[in-house]
Structure formats: C-alpha cells, structure tokens
Amino acid sequence: MVKEFISPLQNGKALPDGPVVISPDGLFPSLFREVIRRAPHEFKIACLEDIRALFPSDHNPFYAGFGNRDTDEISYLKVGIPKGKIFIINPKGEVAVNHRVDTKSYTSLHALVHDMFPPMSSSEQEDFNSWNFWRLPPPAIDL
C-alpha cells in the first residue's frame with residue numbers, strides 16, 4: 001500500500017528494491033514522537049536494532065548510512081556504523097560526512113563508490129583502505 005502511494009510521487013524515478021519500513025504505532029503516536037517530542041531517532045534505532053538482531057551477534061549488517069537529519073546520524077552511530085560512513089544530505093542537497101561537506105551532490109558521490117564500497121572479493125583490510133585512512137580522525141596517542 002505504501003509503495004503504491006509513493007509510486008506517482010517519484011516523477012519517473014524509481015526507488016531501489018527493498019522493504020519499506022513504516023511505524024506500527026499509527027499516525028498520531030508517530031506524529032507525536034516525530035513532531036512534538038522531536039525524537040524520530042527512537043523509532044529508527046528500534047527498527048535498525050530489530051534488523052541487526054536477525055544476524056549473528058558478531059556480524060553488523062550495516063555498512064553505511066544516508067539521512068537528512070542529525071538524528072539519523074545518532075541512529076546510525078547507535079547500531080555501529082562508523083562516523084566516516086554516515087552521509088547527511090542538507091537542505092541544499094549537499095552531502096556531509098562528519099559535519100563537513102565533502103561532496104556537492106549525489107552525482108559526485110560516484111567518484112567515491114569504489115573506495116567507499118569495495119567489491120566483496122577485495123583483500124584490502126577495511127581499517128586501512130584509503131578512504132578510512134584519510135577520512136577518520138587519527139587515534140589519540142598518549143606521549
């Protein structure tokens with residue numbers, strides 16, 4: 001039912017195949033949580049934790065996250081997505097990582113795809129690929 005509602009709103013574009021997760025609370029409790037209490041991350045965290053629980057405890061199914069609010073970043077951090085792989089799209093359509101605008105549009109993200117999302121057969125260690133080396137802050141070292 002939701003996909004049929006969204007379909008004419010897409011202006012010739014298509015959403016990727018996958019589930020549409022909606023709140024089981026109903027309209028008014030959802031509006032109260034999102035608009036009055038300003039806590040949309042509570043629902044998102046609960047949904048992401050439910051999805052994560054479907055996988056073995058030593059495996060995180062989430063690799064990166066996209067959102068348009070600071071609360072999306074809170075949600076993604078809560079389920080273990082690294083800060084350097086959380087993309088927040090601001091009202092201008094600019095994409096920010098770590099509160100810094102790195103790319104100006106979705107199109108320019110294309111240049112990052114192979115560094116950010118390496119092929120599954122890659123033997124490169126995730127912690128030491130060029131994206132993480134240059135994007136994540138250096139660790140604190142006690143002297």
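This passage walks through the fold of the protein, from its overall layout to a few individual residues.

The model described here is a predicted one. The protein holds 7 helices and 4 strands, and, read from the N terminus, its elements follow the order α-α-α-β-α-β-β-β-α-α-α. Of its 143 residues, 25% count as buried.

A good place to begin is the part of the fold built around strand 2. Strand 1, helix 4 (residues 70-78) and strand 2 together make a β-α-β unit, and this unit is right-handed. Strand 1 and strand 2 are paired in the parallel sense, with 3 bridges between them. One pairing to look for in the structure is that of Gly65, whose bridge partner in strand 2 is Ile86. Strand 2 is also joined to strand 3 (residues 95-97), again by 3 bridges, but here the two strands run antiparallel. In this second pairing, Ile89 has Val95 of strand 3 as its bridge partner. Strand 2 and strand 3 form a hairpin with 5 residues between the strands, and in this hairpin Gly93 takes a positive phi near 90°.

Strand 2 is covered on both of its faces. Ile86 and Ile88 are buried on one side, while Phe87 and Ile89 are buried on the other. Just ahead of this strand, Lys85 sits in the loop between helix 4 and strand 2. Is Lys85 buried or exposed? Lys85 has a relative accessible area of 2%, and because buried means under 20%, Lys85 counts as buried. Across the fold, the C-alpha atoms of Lys85 and Asn98 are separated by 8.6 Å, although these positions lie 13 residues apart in the count along the chain.

Aromatic contacts come next. The structure holds 1 aromatic pair. This pair is formed by Phe66 and Phe87, which are stacked, with 4.7 Å from centre to centre and 15° between the planes. Phe66 belongs to strand 1 (residues 65-67) and Phe87 to strand 2 (residues 86-89), so the pair ties together parts that are 21 residues apart in sequence. The two partners differ in their exposure: Phe66 is partly exposed at 38% relative accessibility, whereas Phe87 is buried at 2%.

The helices that precede the strands offer further points of interest. Helix 2 covers residues 27-36, and Leu27 has its place there. With a relative accessible area of 57%, Leu27 is exposed, because that value lies over the 50% cut-off. Leu27 also takes part in a nonpolar surface patch of about 670 Å². The other residues that make this patch are Phe28, Leu31, Phe32, Val35 and Ile36.

In helix 3 (residues 40-52), Ile51 is a further residue to find. Ile51 has a relative accessible area of 32% and is partly exposed, because this value falls between the 20% and 50% cut-offs. From Ile51 to Val79, the C-alpha to C-alpha distance is 10.0 Å, and the two residues are 28 residues apart in sequence.

Note on methods. Residues are numbered from 1 along each chain as its sequence is written. This is a predicted model: local features need pLDDT of at least 70, side-chain atom pairs count only at pLDDT 80 or more; totals for chains, interfaces and linings use all residues. Side-chain values use heavy atoms; hydrogens and water are left out. Buried means under 20% relative accessible area, exposed over 50%, partly exposed in between (1.4 Å probe, protein chains only). Patches are made of residues with over 30% relative accessible area and no salt bridge: like charges are joined within 9 Å, nonpolar side chains (Val, Leu, Ile, Met, Phe, Trp, Tyr) within 5 Å. Accessible areas come from the Shrake-Rupley method with a 1.4 Å probe; for residues, only the protein chains shown count as cover. A salt bridge is a side-chain nitrogen of Lys or Arg within 4 Å of a carboxyl oxygen of Asp or Glu. Rings of Phe, Tyr and Trp (its six-membered ring) pair if their centres lie within 6.5 Å; planes under 30 degrees apart count as stacked, over 60 as edge-to-face and the rest as tilted. Two strands pair if DSSP finds at least two bridges between them. A crossover is right-handed if, with the strands pointing away from the viewer, the path from the first strand over the helix to the second runs clockwise.
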